[in-house]
Amino acid sequence: MSSLNGVVDTGAEHIRRWLGILRDDLLTARVDPMPPSMWLRWLPHGVVWIVAVVLTIVGAVQLNDQGGLDLGYSMLLGVGQGCAAVLALRRPVPALWLSLGATLAVAVLTRRMLMAGQIDGFAWPWTAWAIVAHLLVLLLVALRVPTRVSVEALFLTGLFTYALQGLWGAWNHSPTGQVAVALSAVVVVLGIALRGRREARAELEQQTTLTAEERARRTLLEERSRIARELHDVVAHHMSVISIQAQVAPHLVRNPPDELKENLAGIRQNAVEALTELRRVLDVLRSEHPAPGERAHAPQPTLGRLEALVENTRAAGLTVTTEVTGARRPLPPGVELSAYRIVQEALSNVLRHAPGATAHVTLAYGPHALRVQVVNTAPTREAPPSAGAGHGLLGMRERAVMLGGTLTAGPWSGRGYRVAARLPVSAPSATDPLPQDGAA
């Protein structure tokens with residue numbers, strides 16, 4: 001007996017749950033607007049409004065001429081069915097109930113005329129215009145509500161039709177229930193398919209956006225790792241000098257005190273430990289992102305090798321001119337390395353994306369900053385497809401930001417392009433003038 005009671009309680013719980021789901025799905029007035037799109041925003045609204053007006057007029061005329069109803073009732077019922085189609089643009093579930101209510105009113109009024117023999121052969125319980133209007137409502141429902149709600153709307157339409165035509169019935173009429181239910185099933189399936197296709201496309205676009213963001217983030221991390229590998233030699237050089245100076249300093253002083261020896265020994269020990277940690281970090285970076293053909297102890301380039309870079313670029317077919325303004329002097333190794341890499345990447349971009357163009361490289365030495373500018377003229381022919389990742393500007397900007405500087409890139413002189421960087425060498429607030437564009 002207890003097991004039977006448990007089964008009954010479980011069944012009752014399932015029934016209550018499904019009734020709750022049906023109540024939430026079908027007894028709601030929530031807004032479900034059309035999806036945001038420039039052409040979808042206005043086109044469906046215009047089409048639905050036109051169809052609603054046509055259905056209102058046609059329905060009123062049909063009910064008045066063939067259904068034998070007064071013109072006032074005919075217009076009221078026609079407007080009700082047309083308003084259901086318009087309401088479905090924003091509130092599809094209430095529009096479903098309005099459509100069924102208008103159809104029920106038409107069926108009740110015309111059945112009285114059929115049973116009295118005042119009309120004969122009238123389409124009942126669904127008129128032709130009511131079927132079209134209800135199909136439009138079901139389509140809009142299926143396009144914007146979950147599939148479960150669409151199936152419930154179809155089931156409700158079938159149950160409603162069966163109750164009118166199968167259980168209540170009428171005389172002297174043309175039955176339209178089977179046609180209405182069959183067409184409703186087709187429209188609901190079509191709407192569900194279109195909604196699924198739209199959701200799949202939106203999900204694909206979202207995944208594409210996430211993939212592009214992840215690729216950009218990964219490229220940024222790889223570029224930072226590359227910069228860290230290159231700057232290792234710069235930092236290691238300074239730490240080696242500190243270590244050697246700390247070791248030699250006691251021999252430059254006659255009878256150095258013990259405290260001085262201990263402090264210098266501590267400085268040397270810290271420098272040696274820092275070098276060891278740098279080598280470990282470099283080994284990790286190289287093992288995670290090995291560069292093709294990279295040499296472990298290759299010296300990093302400086303601006304002293306700029307002419308060699310320009311010559312190599314000219315050998316590749318690009319016409320390059322250079323200009324140096326200000327008092328040329330040695331700069332911090334990090335600044336020289338970043339300036340060299342920015343010029344190198346900018347010239348590579350000209351070769352890849354502006355075939356036939358000419359480039360001009362300008363270095364402006366100021367008291368507080370180095371200005372680097374690479375400009376190119378418009379290409380003379382179409383650029384071939386590039387296999388690169390398209391993140392060269394990202395790497396150049398990272399190098400400038402790392403030094404506390406800035407980098408701008410954009411169109412220049414028509415179809416040309418300009419890359420301009422400011423790399424601080426002492427006071428970061430200095431404002432040195434940019435070199436003139438296109439200086440000879």
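How many aromatic pairs does the count come to in this protein? The count comes to 2 aromatic pairs. I will take both in turn, then move along the chain to a few other places. Please keep in mind that this is a predicted model.

First, the overall picture. The protein has 440 residues, and 40% of them count as buried. It contains 11 helices and 7 strands. If we take the contacts with a separation of 6 or more, 75% of them come from residues 24 or more positions apart.

Now the aromatic pairs. One of them is formed by Trp124 and Trp168. Their rings are 6.3 Å centre to centre, with 55° between the planes, and the pair is tilted. Where do the two partners lie? Trp124 is in strand E1, residues 122-124, and Trp168 is in helix H6, residues 147-168, so the pair ties together parts that are 44 residues apart in sequence. Are the two residues buried or exposed? Trp124 is buried, because its relative accessible area is 0%. Trp168 has 38% relative accessibility and therefore counts as partly exposed.

The other pair is Trp126 with Phe160. Here the centres are 5.9 Å apart and the planes make 75°, and the pair is edge-to-face. Trp126 sits in the loop between E1 and helix H5, which spans 128-144, while Phe160 is in helix H6, so this pair ties together parts that are 34 residues apart in sequence. Trp126 counts as buried at 1% relative accessibility. Phe160 is also buried, with a relative accessible area of 14%. To put the two together, H6 contributes Trp168 to the tilted pair and Phe160 to the edge-to-face pair.

Between Trp124 and Trp126 there is a backbone detail to look at. The peptide bond from Trp124 to Pro125 is cis, and its omega is near 5°. Pro125 belongs to the loop between E1 and H5.

After H6 comes another backbone detail, at Asn172. This residue is not a glycine, yet it has a positive phi of about 50°. Asn172 is in the loop between H6 and strand E2, residues 173-175. With a relative accessible area of 41%, Asn172 is partly exposed.

Next, the record. The unreviewed UniProt entry carries the annotation "transmembrane region" for residues 39-59, 71-89, 96-114, 126-146, 153-171 and 177-194. I will compare two of those stretches with the model. Over residues 96-114 the chain is 100% helix and 0% strand, and the C-alpha atoms at the two ends are 26 Å apart. Over residues 153-171 the chain is 84% helix and 0% strand, with the end C-alpha atoms 28 Å apart.

Ala105 is in helix H4, residues 92-115. At 27% relative accessibility, Ala105 counts as partly exposed. What separates its C-alpha atom from that of Gly80? The distance is 9.9 Å, for two residues that are 25 residues apart along the chain.

Further along the chain, two helices pack together. In general, two packed helices are described by the angle between their axes and the distance between the axes. Helix H9, residues 306-315, packs against helix H10, residues 333-353, at an angle of about 10°, and the axes are 11 Å apart. Angles under 35 degrees count as roughly parallel, so H9 is roughly parallel to H10. Which residues make the contact? From H9 they are Leu306, Leu309 and Thr313, and from H10 they are Tyr340, Val343, Gln344, Leu347 and Leu351. By type, the residues of this contact are 6 nonpolar, 2 polar and no charged.

Staying with H10, we find Asn349 in this helix. Asn349 is buried, with a relative accessible area of 17%. Leaving aside residues up to four places away in sequence, Asn349 touches Ala354 and Met396.

Met396 takes us to helix H11, residues 392-402, where Gly395, Met396, Glu398, Arg399 and Ala400 are buried. After H11 comes Gly404, with a positive phi near 85°.

That is the tour. If you look at one place in the structure afterwards, I suggest the stretch from Trp124 to Trp126: the cis bond from Trp124 to Pro125 is there, Trp124 pairs with Trp168, and Trp126 pairs with Phe160.

Notes: Residues numbered from 1 in each chain as written. Predicted model: local features only at pLDDT ≥ 70, side-chain atom pairs only at ≥ 80, totals over all residues. Heavy atoms only, no water. Axes fitted to C-alpha atoms, helices over the stretch in contact; angles between N-to-C directions. Helix = DSSP H or I, 4+ residues; strand = E, 2+ residues; numbered from the N terminus. Parallel < 35°, antiparallel > 145°, perpendicular 65-115°, else oblique. Contact = heavy atoms within 4.5 Å. Nonpolar A, V, L, I, M, F, W, Y, C, P; charged D, E, K, R; others polar. UniProt positions renumbered as here; feature names shortened; annotations may be inferred. Phe/Tyr/Trp six-rings, centres within 6.5 Å; stacked < 30°, edge-to-face > 60°. Buried < 20%, exposed > 50% of the residue type's maximum accessible area, 1.4 Å probe, protein only.
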